[in-house]
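Hello,

Here is the structure I promised to pass on to you. Have a look at it first, and then read on for what turned up.

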Amino acid sequence: MATAVIRSTGLWTPEHSITNDELVTAFNAYVAQYNAQNADAITRGELEALSPSSAEFIEKASGIQSRYVLDKEGILDVNRMTPHLPLRENTDISILAEMGVKACRQAMERADKTLDDIDGVICAASNMQRAYPAMAIEIQEALGIEDGFGFDMNVACSSATFGIRTAASLIESGGARAILVVNPEICSAHLNWRDRDSHFIFGDVATAILLEREDLGDGGFKILGSRLRTKFSNNIRNNFGFLNRAESADGRGDLGAEAAKDDKLFIQEGRKVFKEVVPMVSDMILDHMGTLGLKPEDMKRVWLHQANINMNLLIAKKVFGREAGGEDAPTILDTYANTSSAGSIIAFHKHSDDLKAGDKGVICSFGAGYSAGSIFVEKLGG
Ligand SMILES: CC(C)(COP(=O)(O)OP(=O)(O)OC[C@H]1O[C@@H](n2cnc3c(N)ncnc32)[C@H](O)[C@@H]1OP(=O)(O)O)[C@@H](O)C(=O)NCCC(=O)NCCS
């Protein structure tokens, strides 16, 4: 059987960034406006007054200091609080595909590969902007891969690791020579920027991973083993979907109060997620490490999903069997926030060039589903 390697990665970052202070100023202006407009109902006890957010809380609870977004103005506009992403014609490239293409091109340049070397595109992300045609096929078309295939897959925040495993399997079984796994994430469009508990969580980005059959090139990271796990949970959920229209009383999608419910956007029980996912992920990594005959001291680095710095420090401590942080488990959520499937790949992209041949690490994602994936890798020479 052939061996698949991660030859390179690509990263595209939006130019706009929002600091916690900017975000909290806009949120608190919305809270003041809401409370003033609803003062009578609040006094009568019919509505609850909204509480302000705080930049100190956000950084302490999550480690997030700022986030990149496609449109800063729409998010900070108190009367909109949603990015403004103008509708594109069907003849124009979709915004999700456009971001993905930029990340793919960088991955191809970094691996010195041309279109002729690539057989497939897997778009693995939390939110596709439509059901079909597949975003992956549009990315394939925009890149110019004539003779190949593309398909979409969604395993929420674990999409990238599940995508890597899928691509590696296709390469190992002879179904492809090289595949681009691309993770374009427009989290700003499914985040409820009016929700105090979660308005600070997400950012936008696109990453790409180029996997190739080992004998077709040099360098990169050999995949030592991969493990995928899921366990159903309602603690991270988004009920937006094609059934919303059919569920409505008038059949036109007007759900009245239903449509306005927050569950058509991202919702979570953050504290429960924190408590349940930390043991699930650390046990999975440790068990997988044992199966591969590796010990904590054999591990150079863990590139973890980027949702919460405190979660990551706990997981890293369990994996390394000692206090771990800094370059052991690089953090990028301070400036990117949670970018769903892309988080662990950004960490890998920015913090793997310094590794030496033979160094080992694990790329690990976790999130809604629940889902978790671990990809153990070893740096190759060349
Ligand atoms: C979301 C998260 C940062 C919240 O941190 P937390 O420490 O659990 O905070 P809690 O929600 O328990 O709230 C703690 C307090 O802060 C308050 N609070 C919540 N949001 C606040 C905000 N924006 N500003 C100020 N205070 C806030 C709460 O009201 C609560 O107050 P109380 O103690 O008086 O009741 C954290 O739970 C988390 O990251 N969980 C993991 C999420 C995850 O990985 N999700 C995967 C998504 S893909």
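To start you off: in the hairpin of β12 and β13, which residue takes a positive phi? It is G369, with a phi near 135°, and the hairpin has three residues between its strands. Please keep in mind as you browse that this is a predicted model.

**The strands around that hairpin**

Strand β12 covers residues 360–367, and β13 covers residues 371–379. The two run antiparallel and are joined by eight bridges. If you would like one pair to find on screen, F366 has A372 in β13 as its bridge partner.

β13 also pairs with strand β8 (residues 221–230), again in the antiparallel sense, this time over nine bridges. There, T230 stands opposite S371 of β13. With these pairings in view, you may like to check how covered β13 is: eight of its nine residues are buried.

**The nonpolar cores**

In general, nonpolar side chains in soluble globular proteins tend to be buried together. The largest nonpolar core here has 51 residues, and the members that touch the most others are V281, I285, M299, V302, I315 and F366. Two or more residues of this core come from each of α1 (20–37), α3 (55–62), α9 (270–291), β11 (299–304), α10 (309–320), β12 and β13. Helix α9 gives the largest share, eight residues.

M299 is a good place to zoom in. Leaving aside residues up to four places away in sequence, M299 touches M289, L294, F320, K360, G361, V362 and F376. Another core, of 33 residues, lies apart from the largest one, and its members include F162, A176, I209 and I363.

**The ligand**

There are 18 residues around the ligand, and S53, C157, Q268, R271 and N308 come nearest. Three polar contacts are worth displaying:

- Q268: an N or O atom in its side chain is 2.8 Å from a nitrogen atom of the ligand.
- G270: a backbone N or O atom lies 3.0 Å from a nitrogen atom of the ligand.
- R271: an N or O atom in its side chain is 2.5 Å from an oxygen atom of the ligand.

Taken alone, the ligand exposes 980 Å², and the protein buries 71% of that. The elements giving two or more residues to the shell around the ligand are α3 and α9. Of these, α9 gives the most, with four residues. So you will meet α9 twice on your tour: in the shell around the ligand and in the largest nonpolar core.

Enjoy exploring, and best wishes!

Definitions and conventions. Residues numbered from 1 in each chain as written. Predicted model: local features only at pLDDT ≥ 70, side-chain atom pairs only at ≥ 80, totals over all residues. Heavy atoms only, no water. Buried < 20%, exposed > 50% of the residue type's maximum accessible area, 1.4 Å probe, protein only. Pairing = 2+ DSSP bridges. Core = buried A, V, L, I, M, F, W, Y, C linked by side-chain atoms within 4.5 Å. Contact = heavy atoms within 4.5 Å. Near = heavy atom within 4 Å. Polar contact = N/O pair within 3.5 Å; in protein donor to acceptor, adjacent residues only side chain to side chain. Areas by Shrake-Rupley, 256 points an atom, 1.4 Å probe, with all protein chains shown as cover.
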